[in-house]
Structures are given as structure tokens and as C-alpha cells.
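Me: I am new to this structure and should like to understand the terms used to describe it. Please take each term in turn and explain what justifies it.

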Amino acid sequence: MATALTEASLDGVPFFAGGRVHDCLETLDWYKTTPEPELPDEIVEKTLDKYRHVRNRLFG
């Protein structure tokens, strides 16, 4: 039941947890091994802004 509720609540919600980061990493010359490349500051800030927005919506 919890799985059904979770899946239903996510319908139509964009996957933002890693979308921007994933897209950025896919454009880099990186073979998915360590060391990982550094992300541009803009990508980090925009991703943090998304998480802050969700936190604020959930917890005020």
C-alpha cells in the first residue's frame, strides 16, 4: 500500500534530484570512475535551490 501511495504521489512530478547533475555529467569527458569531475558552480547552486525550495514547501 505504501508503495502505491508513493508512486501515485509522484505522478507528474519532475525528477529533479539528479536530472540537472546527470545531464551535466553526460556532457563531460568522464568514464564514470573516480575521481569524479567537479560540477560547475551554477549546476550546484541550481540543484541546491531546488532542494531548498522543496524543504521550505514541506517544513515552512
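**Terms and their grounds**

Reply: Glu36 sits in the loop between α2 and α3. The model is a predicted one.

Me: What makes Glu36 count as exposed?

Reply: The relative accessibility of Glu36 is 52%. Exposed requires a value over 50%, so Glu36 counts as exposed. Its C-alpha atom is separated by 9.4 Å from that of Leu25, and the two are eleven residues apart along the chain.

Me: Which other residues of the loop between α2 and α3 deserve attention?

Reply: Among them are Pro35 and Lys32. The peptide bond from Thr34 to Pro35 is cis, and the phi of Lys32 has a positive value.

Me: Why is the peptide bond from Thr34 to Pro35 called cis?

Reply: Omega for this bond is near 0 degrees, and the bond is cis. As background, most peptide bonds are trans.

Me: What makes the phi of Lys32 worth a remark?

Reply: Phi of Lys32 is near 55 degrees, a positive value in a residue other than glycine. In general, most residues other than glycine have a negative phi. A positive phi, of about 80 degrees, is also taken by Gly60, just after α3.

Me: Is Lys32 buried or exposed, and how do you know?

Reply: Lys32 has a relative accessible area of 56%. The limit for exposed is over 50%, and therefore Lys32 is exposed.

Me: Why is the contact of Lys32 with Glu26 called a salt bridge?

Reply: The closest N and O atoms of Lys32 and Glu26 are 3.2 Å apart. A salt bridge requires a side-chain nitrogen of Lys or Arg within 4 Å of a carboxyl oxygen of Asp or Glu, so the pair qualifies. Glu26 itself is partly exposed, at a relative accessible area of 43%.

Me: How many salt bridges does the structure hold?

Reply: The structure holds four salt bridges. One of them joins Arg52 and Asp49, at 3.2 Å from N to O. These two residues both lie in helix α3, three residues apart, about one turn of the helix. In general, an α-helix has 3.6 residues a turn, so residues three or four places apart point the same way.

Me: What makes the pair Glu45 and Arg52 a salt bridge?

Reply: The N to O distance between the side chains of Glu45 and Arg52 is 4.0 Å, and they meet in a salt bridge. The cut-off is within 4 Å.

Me: Which residues do the salt bridges that share partners join into one network?

Reply: Arg52 meets Asp49 in one salt bridge. Through bridges that share partners, Glu45, Asp49 and Arg52 are joined into one network.

Me: Why are Glu45, Arg52 and Asp49 called partly exposed?

Reply: Their relative accessible areas are 42% for Glu45, 34% for Arg52 and 44% for Asp49. Buried means under 20% and exposed over 50%, with partly exposed in between. Each of these residues is therefore partly exposed.

Me: How do you know that α2 and α3 are roughly antiparallel?

Reply: Helix α2, residues 19-26, packs with α3 at an angle of about 160 degrees, and their axes are 9 Å apart. Angles over 145 degrees count as roughly antiparallel, and therefore α2 and α3 are roughly antiparallel to each other. The crossing in which α2 passes α3 is left-handed.

Me: What can be said of Asp23 in helix α2?

Reply: Asp23 lies in helix α2 and has a relative accessible area of 49%. The limit for exposed is over 50%, so Asp23 is partly exposed. Asp23 and Ile43 are 20 residues apart in sequence and 9.9 Å apart in space, C-alpha to C-alpha.

Me: What makes the span of helix α3 close to the expected one?

Reply: Helix α3, residues 41-59, has 19 residues and reaches 26 Å from its first C-alpha to its last. The expected value at 1.5 Å a residue is 27 Å, to which this span is close.

Me: Which pattern does the protein chain follow along the sequence?

Reply: The pattern is α-α-α, with three helices and zero strands in the protein chain. Of its 60 residues, 7% are buried. The accessible surface of the protein chain comes to about 5400 Å², and 59% of this belongs to carbon and sulfur atoms.

How values were computed:
Residues numbered from 1 in each chain as written. Predicted model: local features only at pLDDT ≥ 70, side-chain atom pairs only at ≥ 80, totals over all residues. Heavy atoms only, no water. Helix = DSSP H or I, 4+ residues; strand = E, 2+ residues; numbered from the N terminus. Expected span 1.5 Å × (residues − 1). Buried < 20%, exposed > 50% of the residue type's maximum accessible area, 1.4 Å probe, protein only. Areas by Shrake-Rupley, 256 points an atom, 1.4 Å probe, with all protein chains shown as cover. Axes fitted to C-alpha atoms, helices over the stretch in contact; angles between N-to-C directions. Parallel < 35°, antiparallel > 145°, perpendicular 65-115°, else oblique. Left-handed = near helix turned anticlockwise from the far one by under 90°.
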